[in-house]
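Biologist: I would like a close look at a single part of this predicted model. Please keep it brisk.

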Amino acid sequence: VQTNGGSEHAAGVEGAIDRMAFEIGNSLREKKTLVVWLFDVSPSLHVRREKIADRVENIYNQLNKLNVGADKALKTAVVTFGEKPMIVTKDPLDDTDEVIKTVRGIKSEESGKENVFEAVITATNKFKTYRTQQQRAMMLVIVTDEAGSDIQNLEKAIVETKRYGIKC
């Protein structure tokens, strides 16, 4: 199945996360890839976060079977967002165990804000050199249960990700 910027009914959060293994695998067939996971830290997602962490672990286990770590083809960064975005991994990780540990260590915040578009802009600006200088494919995976509190940043987020050819 070849997809290009579309969405589909993926049977909930778990199905959508599982679909990411397919998308990441396809990207890795073409070139080295940086995946940036953006996690909503609002309390409404707290209960699902452990299930999501299990699914992310499953994705990386599947990808490891493809030997993606052999030449550091897959790098992973983690960003959280609520009222403000926070870069959790200063530098992208190569080690699957570190990725899983980082995802499982995400804590909720009580602000009630989900500034997802500001987080997209922040992640793009922080990691765009992996796209522009290292010529890696770059994907932003947004894990949230809300549309976002900062709709005023939507157009800027779209422009920035399109400018650098970053898939979301």
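Which residue takes a positive phi just after α5, and of about what value? Please take me through that helix and then the cores.

Modeller: Gly-165 is the residue, with a positive phi of about 65°. Now the helix before that glycine. α5 covers residues 154–163. Ala-157, Glu-160 and Thr-161 are its buried residues. Viewed along the axis of α5, they fall within an arc of 95°, so they line one face of the helix. The other side of α5 carries exposed residues: Glu-155, Lys-162 and Arg-163. What lies over the buried residues? The cover includes α4 (116–132) and β4.

Strand β4 (137–143) also leads to the largest nonpolar core, supplying at least two of its residues. That core holds 27 residues. Within it, Ile-24, Trp-37, Phe-39, Val-56 and Ile-59 touch the most other members. Besides β4, the elements that each supply at least two residues are α1 (12–30), β1 (33–40), α2 (46–65), β2 (74–81) and α3 (96–104). Helix α2 gives the largest share, six residues.

Take Ile-59 as one example. Leaving aside residues up to four places away in sequence, Ile-59 touches Ile-17, Met-20, Ala-21, Ile-24 and Trp-37. Two of these partners, Ile-24 and Trp-37, are themselves among the members with the most contacts to the rest of the core.

Another core lies apart from this one. It has 19 residues, including Val-36, Ile-121, Leu-140 and Ile-166. As a general background, nonpolar side chains in soluble globular proteins tend to be buried together.

Terms used:
Residues are numbered from 1 along each chain as its sequence is written. This is a predicted model: local features need pLDDT of at least 70, side-chain atom pairs count only at pLDDT 80 or more; totals for chains, interfaces and linings use all residues. Side-chain values use heavy atoms; hydrogens and water are left out. A nonpolar core is a set of buried Ala, Val, Leu, Ile, Met, Phe, Trp, Tyr and Cys residues joined through side-chain atoms within 4.5 Å. Buried means under 20% relative accessible area, exposed over 50%, partly exposed in between (1.4 Å probe, protein chains only). Helices (H or I, at least four residues) and strands (E, at least two) are DSSP runs, numbered from the N terminus. Contact means heavy atoms within 4.5 Å. The arc is that of the directions from the helix axis to the C-beta atoms.
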